[in-house]
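Trainee: Could we go through this structure together, asking at each step what lies behind the words we use for it?

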Amino acid sequence: MHKVIYDTDPGVDDAMALLFLHRHPDVDLIGITTVFGNASIEATTRNALFLKREWNIPAPVAKGTGTTIDPSRKEIDWPTFVHGDNGLGNIDVPETVDVPLDPRPAYRFIVDTVRANPGEVTLVAVGRMTNLALALKEDPEIAKLVKAVVIMGGNFYVPGNVSPVAEANIHGDPEAADIVLTAPWKVVVIGLDVTAVTTMSRRYLAAAAAEGDRAVKLLNDLSQFYIDFYAHAVDDGMMVHDSCACVYVVAPELFSTITGSVRVVCGGIADGQTIVKPDGRRFPPGDWDGLPSQIVCTGIESEKVIGLVRETLLRA
């Protein structure tokens, strides 16, 4: 069993990934931590509590940060044109959800849970990396105690999605992402190189909803706005970014990877760009030297990944 803390900003594709983690037989979802990104921290936390309630997820929810790790960074508008005004595709979500929050801030929840389960916890982070960076700042020693960190973010050999060179999660808090990627723990980066070629059609999701229970039907409903957004890039479907990161946890053999130290550009026209220095390549001395070698995904067996997602969602 993989003990997982899911750090998320629900978010439509975040919701699919959450249901995947909840239902996969090899995953023990031991915590959900929220971060701002697809919506405000208040909205993403409410959405996490709503999905916890609707899908009967036992894992506790801890509210995370609502600002970048560098307080001088200018706030970015919420991507309401992607995830809707409420972050869940404009389905009917109550303003408040009568489900208790864990009393700890997300970074403290991460630290405490890792300390209580040394060498066992995988952090799956599919939003901005701010909570993880704050946890490292609070207790740098947890880097030695975490089993693995799997993030959805970045792009290396393909264009970005919020600028020509940057992906949204990294661009939203580049300083936090650089802290996470250069820390002495094992990080697997699932970026646009693999997620942008992994799509689920509207028809495919609708067929799963017709076969599945009310949880899958809710997922189908909240995904429609998101699918409409992707009309410019996908033939009546959507990219399933965050689910790819969750699939890696249980089926890494479906991905091809390279290794190397990774840095994030902080500032300027390339703000948020992720750059890997591949292992085995020689360069003059630079800012990648002496840093841990991380795993960067460059290829994916998309059809098998989508099939595994569907199979897992249908496990009632």
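What follows is a conversation that sets values against their definitions.

Mentor: Gladly. Keep in mind that this is a predicted model.

Trainee: What makes the chain as compact as a globular protein of its length?

Mentor: Start with the make-up of the chain: 12 helices and 11 strands. The radius of gyration is 18 Å, and the globule rule gives 20 Å for 316 residues; the two values are close, so the chain counts as compact as a globular protein of that length. Along the principal axes, its C-alpha atoms fill a box of roughly 55 × 45 × 40 Å.

Trainee: How much of the chain is buried, and how many of its contacts join residues 24 or more positions apart?

Mentor: Buried residues make up 58% of the 316, where buried means under 20% relative accessible area. Among contacts with a separation of 6 or more, 81% are between residues 24 or more positions apart. As for the surface, about 12,900 Å² is accessible, and carbon and sulfur atoms hold 52% of that.

Trainee: What are the numbers of positive and negative side chains?

Mentor: There are 27 positive and 41 negative side chains, and the centres of the two sets lie 4 Å apart.

Trainee: Why is helix H1 called largely enclosed?

Mentor: Count its buried residues: 11 of the 12 in H1 fall in that class, so the rest of the structure largely encloses this helix. Charged residues are on the list too, including Asp 13, Asp 14 and Arg 23, alongside Met 16, Leu 19 and Phe 20. From first C-alpha to last, H1 reaches 17 Å, close to the expected 16 Å.

Trainee: And what makes helix H2 mostly covered?

Mentor: In H2, 11 of the 14 residues are buried; among them are Arg 46, Asn 47, Phe 50 and Lys 52. The cover includes helix H1, strand S2, strand S3 and helix H10. H2 runs over residues 41-54 and reaches 20 Å, close to the 20 Å expected at 1.5 Å a residue.

Trainee: How do you know that Leu 313 is buried?

Mentor: Set its value against the cut-off: Leu 313 has 2% relative accessibility, and buried means under 20%. Leu 313 lies in helix H12 and touches Met 16, Leu 19, Phe 20, Arg 23, Val 216 and Leu 219, leaving out residues up to four places away in sequence. Its C-alpha is also 7.8 Å from that of Gly 212, although 101 residues separate the two along the chain.

Trainee: Which contacts does Leu 181 make, and is it buried or exposed?

Mentor: Leu 181, in helix H7, is buried at a relative accessible area of 2%. Beyond its neighbours within four places in sequence, its contacts are Ile 151, Val 187, Val 189, Val 262, Val 264, Pro 292 and Gln 294. Leu 291 is 110 residues away in sequence, with 9.1 Å between the two C-alpha atoms.

Trainee: Why is Asp 139 in the buried class?

Mentor: Its relative accessible area is 12%, and the cut-off for buried is under 20%. Asp 139 is in the loop between helix H5 and strand S5, and its contacts outside four places in sequence are Val 111 and Arg 115.

Trainee: What makes the backbone at some residues worth a second look?

Mentor: Most residues other than glycine have a negative phi, and most peptide bonds are trans. Against that background, phi of Asn 90 is near 65°, and that of Asp 236 is about 50°. Asn 56, which follows H2, also has a positive phi, near 55°. The peptide bond from Pro 10 to Gly 11 is cis, with omega near -10°, and Gly 11 sits in the loop between strand S1 and H1.

Trainee: Why are Asn 90 and Asp 236 called partly exposed?

Mentor: Asn 90 has a relative accessible area of 39% and Asp 236 has 40%. Partly exposed is the class between buried, under 20%, and exposed, over 50%, so these values belong there. Both are in loops: Asn 90 between helix H3 and helix H4, Asp 236 between H10 and strand S8.

Notes
Residues are numbered from 1 along each chain as its sequence is written. This is a predicted model: local features need pLDDT of at least 70, side-chain atom pairs count only at pLDDT 80 or more; totals for chains, interfaces and linings use all residues. Side-chain values use heavy atoms; hydrogens and water are left out. Helices (H or I, at least four residues) and strands (E, at least two) are DSSP runs, numbered from the N terminus. The radius of gyration is taken over C-alpha atoms; the globule rule is 2.2 Å times the number of residues to the power 0.38. Buried means under 20% relative accessible area, exposed over 50%, partly exposed in between (1.4 Å probe, protein chains only). Contact means heavy atoms within 4.5 Å. Accessible areas come from the Shrake-Rupley method with a 1.4 Å probe; for residues, only the protein chains shown count as cover. Lys and Arg count as positive and Asp and Glu as negative; His and the chain ends are not counted. The place of a charge is taken as NZ of Lys, CZ of Arg, CG of Asp or CD of Glu. The expected span of a helix is 1.5 Å times one less than its number of residues.
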